[in-house]
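Q: I would like to learn how to read the features of a model, one at a time. Can we go through them together?

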Amino acid sequence: MPIYEYSCTQCGKDSEILVRDDTEVNCRHCGSGNVKRKLSAFAFSAAPSKSAPACALSCGGGFQKGACGSGGCCGGR
């Protein structure tokens, strides 16, 4: 049972709704049935960058230089 994101065309608010086969989708804020399913951000994928190490996202995100596990992925910055 997937959770989908919907945007209400009546009130403009977004909702996440657990959808079953028989689920009638209505806005959780105003109750309107005029909703459109949104494409969630996690559904996108990008090709990995060859220039950035796999743990580059952790660099600067609370980790110290060179502390990513391999000892070198953040060390060049």
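Q: Is Tyr6 buried or exposed?
A: This is a predicted model. Burial is read from relative accessible area, and under 20% counts as buried. Tyr6 has 9% relative accessibility, so Tyr6 is buried.

Q: How is a pair of aromatic rings described?
A: Two values are used: the distance of the centres and the angle of the planes. One aromatic pair is counted here. Tyr4 and Tyr6 form this pair, with 6.5 Å centre to centre and 80° between the planes. The arrangement is edge-to-face, because planes over 60 degrees apart are put in that class.

Q: What is the burial class of Tyr4?
A: Tyr4 is partly exposed, at 27% relative accessibility. Its ring partner Tyr6 is buried.

Q: Which secondary structure elements does the protein chain have?
A: Three strands and zero helices. Along the sequence the pattern reads β-β-β.

Q: In what order do the strands lie in the sheet?
A: Strand order in a sheet need not be taken from the sequence; read it from the pairing. The sheet is open, and its order is E2-E1-E3. Pairing is antiparallel. E2 and E3, the latter at residues 35-37, are the edge strands. Each has a single partner strand, so one side of each lacks a neighbour in the sheet. From one strand to the next, the twist averages 40°.

Q: How many bridges join E1 and E2?
A: Five bridges, in the antiparallel sense. E1 covers residues 3-8, and E2 covers residues 14-18. Within this pairing, Glu5 stands opposite Glu16 of E2.

Q: Is Glu16 buried or exposed?
A: Over 50% relative accessible area counts as exposed. Glu16 reaches 55%, so Glu16 is exposed.

Q: Which residues does Glu16 touch?
A: Leave out residues up to four places away in sequence, and the contacts of Glu16 are Ile3, Tyr4, Glu5 and Arg28. Spacing along the chain can be set beside spacing in space. Glu16 and Cys27 are eleven residues apart along the chain, and their C-alpha atoms are separated by 9.3 Å.

Q: Is Ser15 buried or exposed?
A: Ser15 also lies in strand E2. Its relative accessibility is 8%, so Ser15 counts as buried. Beyond four places in sequence, Ser15 touches Tyr4, Glu5, Tyr6, Arg28 and His29.

Q: How many disulfides does the whole structure have?
A: A disulfide needs two cysteine sulfur atoms within 2.5 Å. The search finds zero. Take Cys8: the nearest cysteine sulfur belongs to Cys30, 3.7 Å away, and Cys8 is in no disulfide.

Q: Why is there no bond between Cys30 and Cys8?
A: Their sulfurs are 3.7 Å apart, which is too far for a bond. The burial of each cysteine is read separately. Cys8 is buried, at 4% relative accessibility. Cys30 is partly exposed, at 37%.

Q: What share of the protein chain is buried?
A: Residue classes can be added up over a chain. Of the 77 residues, 19% are buried. The chain exposes about 6,000 Å², and carbon and sulfur atoms supply 50% of this area.

Q: What part of the contacts join residues at least 24 apart?
A: Start from contacts between residues at least 6 apart in sequence. In the protein chain, 26% of these join residues at least 24 apart.

How values were computed:
Residues numbered from 1 in each chain as written. Predicted model: local features only at pLDDT ≥ 70, side-chain atom pairs only at ≥ 80, totals over all residues. Heavy atoms only, no water. Helix = DSSP H or I, 4+ residues; strand = E, 2+ residues; numbered from the N terminus. Buried < 20%, exposed > 50% of the residue type's maximum accessible area, 1.4 Å probe, protein only. Contact = heavy atoms within 4.5 Å. Pairing = 2+ DSSP bridges. Axes fitted to C-alpha atoms, helices over the stretch in contact; angles between N-to-C directions. Areas by Shrake-Rupley, 256 points an atom, 1.4 Å probe, with all protein chains shown as cover. Phe/Tyr/Trp six-rings, centres within 6.5 Å; stacked < 30°, edge-to-face > 60°.
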